[in-house]
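Colleague: Please pick one part of this model and take me through the strand pairing there, slowly and strand by strand. Once that's clear, add whatever helps me place it alongside the rest.

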Amino acid sequence: MNRIKEKIQHCTKEDIVRFLAIYAVAVFLILFLVCPLCTLFIKAFQDKNGAFVGLMQFAKYFSSRSMVYAISNTFFVAIASTLISVTLAFFFSYALSRKNVPFKGFFRYVGMIPIFAPTMLLGIALIYLFGNKGILTALGLAIPLYGKVGIIIAESIYCFPVATTILMVAFSAADNRLYEAAETMGTSALRKMLTITIPNVKYGLVSALFVAFTYSFTDFGAPSVVGGNYNVLATDVYKQVVGQQNFNMGAVVGIILLFPAVLSFVVDRITSKKQSAAISAKAVPYQIKPHRSSDFAATVFCFIISLAMLLFFAVALFASVIKLWPYNLTFTLSNYDLSNAAAGNGAAAFRNSILISVISAFLGTILTFVGAYMIEKSKKFVISRKITYFLSITPLAIPGTVVGLSFIMFFNAPIFQIPFTEYALVNPFHGIYGTIWIIVLANMVHFYSVPFSTATTALKRIDKEFETVSESLAVPFYKTLRRVTLPMCFPAICEMWVYFFVNSLVTVSAVVFLYSPASPIAPVMIVSMQGAGQTAPAAAMCMLLLFINLAMRLVYEGLRKHQQKKAKIKNQGGQG
Amino acid sequence: MSVSLKISNVSKVFDKNVALNNVNLDIQAGEFICLLGPSGCGKSTLLRIIAGLEQPSEGKVYIGDRDVTNLPPSRRNFGIMFQSYALFPNLSAFENVAYGLRNKKMKTRDIEERVNRLFDMIKLSNAKNRLPSEMSGGEQQRVALARALATEPDFLLLDEPLSALDAKVRISLRKEICNIQKELKLTTIMVTHDQDEALTMADRIIVMNKAVVMQSGTPEEIYEKPENQFVADFIGSINFIDDRKSKAYGFSQKGETAIRPEKIAISREKQESDMRGKITDIEFRGFYDRVSVNVNHIIYGDLNLAVDVPFQTAKAMEFHVNDNVFIKLPREEMLTFETRV
């Protein structure tokens, strides 16, 4: 009792502020991450009337032939696209980090473009290239696009940037001393590759494989455009929930979708720990040595990949400015006139999307930064901080489809029946359902983990004694946060903001369950326009989203370069 | 203003590791104290407890007569300096020093005046508007000192403040910190693992090992009269002679003896009560040579002793390995430890 009293006595006003801030973040994550997921789990074990039925829904699911097909189909396309994308990304990032390749910056940016576009764009470009009346089909290069082939190609491109990012990090962490030691012993290039390079990046490789697998396993956009009759889980669950209003079956599929994601999450946690431990702090950075033939091969490879990537986006651009492919090839901008889209008001959808992305980016950045700051820079509340940290990295393991599913189940219910009891709770969040706020919340939860990690990394780089110094000077922590920590984290905060914005603008997997016809949003409208055969306006809308995202990214890069330059000039001035 | 500090029966346990075991300490107002010890001895934990950054598991901390054990750091009124300087990188040197004052609702003119005075004191008036990244390590640490002093603290805590600096800068900054400390008569506690630093700067050294205080005393006391083998061994160099040999050679009746290498006399000619030995190694150490001498005795056992000889003397005597020499261990310089700590 005395100890508790002493503890309370030791608490200051600042501690209370910190405590409240940590709890605000924790409560947000519990309400909008944990609760919806719990609803999803409960629904999977109930029938339509809410009665507990055990594993009956699962049994029903697995006894249906078409459903089981969807599972094997999903596995097939996910494995194929994972192998293709990671293989390409492996050589691409190897060439960029270990070979003398010119225009590295250009190649890197081109390789990243798919991140900035909705996955439907890849599907549309594929239709224009390989569809029944596609450009390459007309040239005699006919492939059975609709179905698994189309999905695999689209997913391979979709997964390429994330796999490249992971592998670039892995390749950049090399110890040149190992290569020098091997050289002095006269080791062949192949042997160096097998004994040094591959073991060095194996954790990154494993991580890339799992992440790519999860991405392609759960993506909704590409299969919805080029899937044809080829059922995969993500489109299947959409049909179950939105088409047939069968929430319980949807919950079952949601849980199945969760499996690879959770597995990949666990693997990623383990490997990233090992990766960071594998390289010692004394490691000397890798020195690229010129080697004519392999440098040439690497350059050609990067060139081909970039060309293919650009071709896709050029075709989509082309599709968006042509009157009626392939009959009327006159140039037109009418597809960009969003107000006359037959599937609804395109301009409103576009406006809504931008608004949602901006709000999600603002609120998401504030929330993740506050969460990361409190977890990283507090000394007390150890248990609350640990729980909040765990909740903060959990969204990484939840595919967008599952976020959407669990949200619709959580917010849709006017009351919650507490399982096995007579009691029920009124759902205070029911009012959000059907507004843009449910989409904002979904985006904040769905994309929470990456900005959270960005903030944590940035905060970890800041001397932990800053807080101690300000305490000794009796300056409250929030003043130091405002005057020192925030300005120092400004680049990271911009990056977090852009991440939230870019992803919120193009995501479809979660929001396809959540939008309401009263407030349409652009990515969903693309899906429905495409479904209604309005491919050209759909392409135009995709391009618009892509342009906005690229512009946002360019502004960010410009800002960052400007700041770096400023810092450099200042430093030089100081030395002079 | 300066205050006394009192640490009373303080213990600190992390999980199951004992970082401090019943530590007692009385620090006079205006005293410069060095906490010296190997890494992991608990000296930093003790400093953090005095600052209020850690809570002791047992015991009390007093500032003056006030029990501050449960007081947060912001209400203890101290200045602190770290090995990493911990200057705010986005603020100019001036703003760093003014940081604590801006919070005190002081008039801008008063702030400027006080900060300028501090910059005069650390002799960096021309660097006020620079950013920390535009300053050398020594300059940054001086700004950190000015920042710590700006709020007129009751006492100053220094956590290995010189360890990250170059040898030359370190020595000049030692002097500077000492001068300022004496001028302000500011109670100061410095943590260090560098014995030279402790010996040159401190009024009193607290030697710590394995969570307990091994000895507390002036630098001379610590060096000349170490109370136990740990302190004797940790500060400077010393030759230990175990209790069996000590008794055999007649250095003591009971217990281990020890002698510092520079206290042993060495010569080419035998004088009274000298022992004959053979040089086994000569190490050049700059202003002195460390000569290893082996005294061979069939019954008593071998003695291997390090002897420090001023370089000029060693040169004049032309020592070589395998030369025969005579050494003398003056009784009054020998230390006796009855028990092993």
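Modeller: Quick definition before we start: two strands count as paired if DSSP finds at least two bridges between them. Bear in mind, too, that this is a predicted model.

The part I'd pick is an open sheet in chain B, where three strands line up in the order S11-S12-S18 with antiparallel pairing. Strand S11 (239-241) and strand S18 (335-337) of chain B have a single partner strand each, so they stand at the edges and one side of each is left without a neighbour in the sheet. Ignoring direction, neighbouring strands of this sheet are turned by 25° against each other on average.

Now zoom in on one of the pairings. Strand S12 of chain B takes in residues 256-259, and its antiparallel match with S18(B) runs over three bridges. If you want a residue pair to look for on your screen, try B:Thr257, whose bridge partner in S18(B) is B:Thr336.

Chain B has another open sheet to set beside that one: four strands in the order S2-S1-S4-S5, with antiparallel pairing. Strand S2 (17-27) and strand S5 (66-67) of chain B are the edge strands here, and each pairs on one side only. At the S5(B) end, strand S4 (residues 58-63) of chain B pairs with S5(B) in the antiparallel sense over two bridges. There, B:Ile63 has B:Arg66 in S5(B) as its bridge partner.

Over in chain A, look at residues 71-268: the chain there is 79% helix and 0% strand, with its end C-alpha atoms 23 Å apart. An unreviewed UniProt entry annotates residues 71-268 and 350-556 of chain A as "domain: ABC transmembrane type-1".

The domain assignment cuts chain A into domain 1 (9-46 + 342-524) and domain 2 (71-320). Taken over C-alpha atoms, the centres of domain 1 and domain 2 of chain A are 28 Å apart. Where they meet, 22 residues of domain 1 of chain A are in contact with 26 residues of domain 2 of chain A. On the domain 1 side of that contact, helix H2 (13-44), helix H17 (400-412) and helix H21 (477-506) of chain A each supply at least two residues. H17(A) gives the largest share of that side, seven residues. By residue type, the domain 1 side divides into 16 nonpolar, five polar and one charged.

Methods: Residues numbered from 1 in each chain as written. Chains lettered and ligands numbered in written order. Predicted model: local features only at pLDDT ≥ 70, side-chain atom pairs only at ≥ 80, totals over all residues. Axes fitted to C-alpha atoms, helices over the stretch in contact; angles between N-to-C directions. UniProt positions renumbered as here; feature names shortened; annotations may be inferred. Domains from an automatic or database assignment. Contact = placed C-beta atoms within 7 Å. Nonpolar A, V, L, I, M, F, W, Y, C, P; charged D, E, K, R; others polar.
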